[in-house]
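Here is a short report on one protein model. Keep the structure in view as you read.

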Amino acid sequence: MKCIVERILIKDPMGMRNDPEVAAFIARISEALGSDGRIVLRLSGIPCENRVLVSGESEELCQRHVDALKGMLAEKGYLCSGEE
């Protein structure tokens with residue numbers, strides 16, 4: 001099992017948390033990781049200071065899911081400048 005923890009700069013954590021499209025996207029990642037993997041998004045009380053943890057079969061798989069999440073958040077306008 002491999003694990004990646006990466007900082008994600010989110011400018012509107014509360015808006016993102018209440019977005020059903022984001023929730024569905026994270027649920028799809030969780031399903032794809034299966035029972036042995038997981039995704040955890042830790043939202044901080046400080047804007048732009050959040051972390052995502054993805055564990056799965058390989059580092060490449062974990063990084064692919066982190067990148068997919070960041071891409072989706074960028075498309076929806078949730079990432080801070082410089083993260084897109």
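Start with one residue. D19 is buried, with a relative accessible area of 8%. The cut-off for "buried" is under 20% relative accessible area, so D19 falls within that class. Keep in mind that this is a predicted model.

Where does D19 sit? Its place is in the loop between α1 and α2. Leaving out residues up to four places away in sequence, D19 touches K76 and Y78.

**D19 at the start of a helix**

D19 caps the N-terminal end of α2. A side-chain oxygen of D19 lies 2.8 Å from the backbone nitrogen of E21.

**Salt bridges**

Side chains of opposite charge can pair when their charged atoms come close. How many salt bridges does a search of the whole structure find? It finds three. They are listed here.

| Pair | N to O distance | Residues apart in sequence |
|---|---|---|
| E6 and K70 | 2.7 Å | 64 residues |
| D19 and K76 | 3.0 Å | 57 residues |
| E21 and K76 | 3.5 Å | 55 residues |

Take E6 and K70 to begin with. Their side chains meet in a salt bridge. This pair links distant parts of the chain. E6 belongs to strand β1, residues 2–8, and K70 to helix α3, residues 59–75. Are these two residues buried or exposed? E6 is buried, with a relative accessible area of 19%. K70 also counts as buried, at 17%.

Now return to D19. D19 forms a salt bridge with K76. Here too the pair links distant parts of the chain. D19 is in the loop between α1 (13–17) and α2 (20–33), while K76 is in the segment after α3. K76 counts as partly exposed, at 30% relative accessibility.

E21 forms a salt bridge with K76 as well. E21 lies in helix α2 and K76 in the segment after α3, so this pair ties together parts that are 55 residues apart in sequence. Which residues are linked in a network of salt bridges? They are D19, E21 and K76.

**Helix α2**

Next, the helix that D19 caps. α2 has 14 residues. From its first C-alpha to its last it reaches 20 Å, close to the 20 Å expected at 1.5 Å a residue.

Which residues of α2 are buried? They are V22, F25, I26, I29 and L33. They cover an arc of only 95° around the axis, which puts them on the same side of α2. A general rule helps here. An α-helix has 3.6 residues a turn, so residues three or four places apart point the same way.

What covers these buried residues? The cover includes α1, β2 (38–42), β3 (50–56) and α3. The face of α2 turned away from the buried side carries the exposed residues P20 and E31. After α2 comes G34. The phi of G34 is positive, near 75°.

**A buried loop residue**

L43 is found in the loop between β2 and β3. At 18% relative accessibility, L43 counts as buried. Which residues does L43 contact, leaving aside neighbours within four places in sequence? They are I10, P13, M16, R17 and N50. Now compare positions along the chain and in space. L43 and C62 are 19 residues apart along the chain, and their C-alpha atoms are separated by 19 Å.

**The whole protein**

Step back to the full chain. The protein has three helices and three strands. Read along the sequence, they follow the pattern β-α-α-β-β-α. The radius of gyration is 12 Å, close to the 12 Å that the globule rule gives for 84 residues, so the protein is as compact as a globular protein of that length. Along its principal axes, the C-alpha trace spans about 30 × 25 × 20 Å.

How much of the protein is buried? Buried residues make up 42% of the 84 residues. Contacts also reach far along the chain. Among contacts between residues at least 6 apart in sequence, 70% join residues at least 24 apart.

To finish, go back to D19 in the model. It is buried, it caps α2, and it shares a salt-bridge network with E21 and K76.

Methods: Residues are numbered from 1 along each chain as its sequence is written. This is a predicted model: local features need pLDDT of at least 70, side-chain atom pairs count only at pLDDT 80 or more; totals for chains, interfaces and linings use all residues. Side-chain values use heavy atoms; hydrogens and water are left out. A salt bridge is a side-chain nitrogen of Lys or Arg within 4 Å of a carboxyl oxygen of Asp or Glu. Helices (H or I, at least four residues) and strands (E, at least two) are DSSP runs, numbered from the N terminus. Buried means under 20% relative accessible area, exposed over 50%, partly exposed in between (1.4 Å probe, protein chains only). Contact means heavy atoms within 4.5 Å. The expected span of a helix is 1.5 Å times one less than its number of residues. The arc is that of the directions from the helix axis to the C-beta atoms. A polar contact is a pair of N or O atoms within 3.5 Å; within protein, one must be able to donate a hydrogen and the other to accept it, and residues adjacent in sequence count only if both atoms are side-chain atoms. The radius of gyration is taken over C-alpha atoms; the globule rule is 2.2 Å times the number of residues to the power 0.38.
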